[in-house]
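Hi everyone, thanks for coming along. I have one structure to walk you through today, so let's put it up on the screen.

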Number of protein chains: 2
Amino acid sequence: MRLEPQYKELLNSALELSGQRATKQREHIYALLLQKRNHPTAEEVYVRAKEDMPTISLATVYNCLETLAETKLIRQVNFEREPTRYCPNLTKHAHFYCRESGEIVDVDLSDELLDELMKVLPAGFTAKHIEISYDGACNDCHD
Amino acid sequence: MRLEPQYKELLNSALELSGQRATKQREHIYALLLQKRNHPTAEEVYVRAKEDMPTISLATVYNCLETLAETKLIRQVNFEREPTRYCPNLTKHAHFYCRESGEIVDVDLSDELLDELMKVLPAGFTAKHIEISYDGACNDCHD
DNA sequence: GCTGTAATTAGAATAATTCCAAATATAATT
DNA sequence: AATTATATTTGGAATTATTCTAATTACAGC
Ligand SMILES: [Mn+2]
Ligand SMILES: [Mn+2]
Ligand SMILES: [Zn+2]
Ligand SMILES: [Zn+2]
């Protein structure tokens, strides 16, 4: 697994900006999230990370994921009480969770729609963030 | 604490419909959620429940909350990795979480807005449910 | 090559929730 | 009203995802 130069640059500058070091582990985990964008859990990231880096620990996986999330290179995605998942797609998007197949897909959101969502807030309320998740059956799974 | 007749009726029919029994504990917890609608956690419900029913157990609180949620008398509300909260407001609404004060307020959603949100899904996708949560500063807390 | 700091590591600790098996409450039947 | 069958409650143990801790290792600047 190789981290493409553009992303390597992105990672390095994000880490430098926040005064953190570029490590093999951080790079590896970032690369693996970019390569297969299926919103894996920390445990799943751990399993995949060990393939090329057998000595990495689960604690490090959690640490790296947290660092990447803090520096806004990835996003955390939560569904109800399930384990947190991780997503390297930085565009504004919601998530669709197919309960049938377990698949999670990105749903692009326009600025207009997000604007409308902001407008329905009561006066004096300002939202830094909106989280939207859909729950249902995907294209492959409808009956 | 007294459960108003309209809600008592609602509770009884919902439980009957799902083949479950009406118990003191279920009624008590439902009443207390309706009375103070501040999206409490299970632990908070437990504390309040014990005021009038000192022998109730935490396991029962969880059981009752699950039963009420299953029968759609209440909703579960999740914010990231925080403990689940419970809401007896059955209208379609989102939640605004003020990180400053910790307050959680209901945000009404029009059918039109929900329609628009459905329309942005890829073809072939059907959502049973949309979950929307805002995160920011409320009216009292902006600087 | 040393030195100071940051990051990784293995394992222990934590927190929310669920599970379990025994006791109790409720509803149905006699 | 007593009997029976089933559902619910209960306290405590178990589980699960995540965080914490303290020791080791890696790294950047001198
Ligand atoms: Mn995503
Ligand atoms: Mn609510
Ligand atoms: Zn599907
Ligand atoms: Zn506030």
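Let me start at the zinc ion, ligand 3, where the four donor atoms subtend angles of 90 to 124 degrees, which makes the arrangement tetrahedral. The cut-off behind that word is that all angles lie between 85 and 135 degrees. Please keep in mind that this is a predicted model.

Which residues supply the protein donors of this zinc ion? They are A:Cys98, A:Cys138 and A:Cys141, each through SG, together with A:Ser101 through OG. These donors lie 2.2 to 2.6 Å from the zinc ion. If you like to read such sites as a pattern, the spacing in sequence is C-x2-S-x36-C-x2-C.

Now look at where two of those cysteines sit in the chain. A:Cys98 lies in strand S3 of chain A, residues 93–98, while A:Cys138 is in the segment after strand S5, residues 126–137, so the pair ties together parts that are 40 residues apart in sequence. Buried or exposed, what is A:Cys98? A:Cys98 is buried, at a relative accessible area of 0%. A:Cys138 is buried too, with a value of 3%; the limit for calling a residue buried is under 20%.

Let's step back to chain A as a whole. It has five helices and five strands, and from the N terminus the order reads α-α-α-α-β-β-β-β-α-β. Along the principal axes, the C-alpha atoms of chain A fill a box of roughly 45 × 40 × 25 Å. Of the 143 residues in chain A, 46% are buried. Counting contacts in chain A with a separation of 6 or more, 47% are between residues 24 or more positions apart.

On to the partner, chain B. How many residues does each chain bring to the contact? It takes 35 from chain A and 35 from chain B. The area buried between the two chains is about 2900 Å², with carbon and sulfur atoms giving 58% of it. Three residues, A:Arg81, A:Phe125 and A:Tyr134, supply 21% of what chain A buries against chain B, more than any other three.

As for polar features, the rule finds zero salt bridges across this interface, but it does find 17 residue pairs in polar contact. On the chain A side, strand S4 (104–108), helix H5 (111–119) and S5 each supply at least two of the residues touching chain B. The largest share comes from S5 of chain A, with twelve residues.

That's my tour, and I'm happy to take questions.

Terms used
Residues are numbered from 1 along each chain as its sequence is written. Chains are lettered from A and ligands numbered from 1 in the order in which they are written. This is a predicted model: local features need pLDDT of at least 70, side-chain atom pairs count only at pLDDT 80 or more; totals for chains, interfaces and linings use all residues. Side-chain values use heavy atoms; hydrogens and water are left out. Donors are N, O and S atoms within 2.8 Å of the metal (3.2 Å for Na, K and Ca); water is not among the atoms, so sites may look incomplete. Four donors count as tetrahedral if all angles lie between 85 and 135 degrees; four count as square planar and six as octahedral if opposite donors are over 155 degrees apart and all others between 65 and 115; anything else is irregular. Helices (H or I, at least four residues) and strands (E, at least two) are DSSP runs, numbered from the N terminus. Buried means under 20% relative accessible area, exposed over 50%, partly exposed in between (1.4 Å probe, protein chains only). Contact means heavy atoms within 4.5 Å. Buried area is the accessible area (1.4 Å probe) that two parts lose on being put together, summed over both. A salt bridge is a side-chain nitrogen of Lys or Arg within 4 Å of a carboxyl oxygen of Asp or Glu. A polar contact is a pair of N or O atoms within 3.5 Å; within protein, one must be able to donate a hydrogen and the other to accept it, and residues adjacent in sequence count only if both atoms are side-chain atoms.
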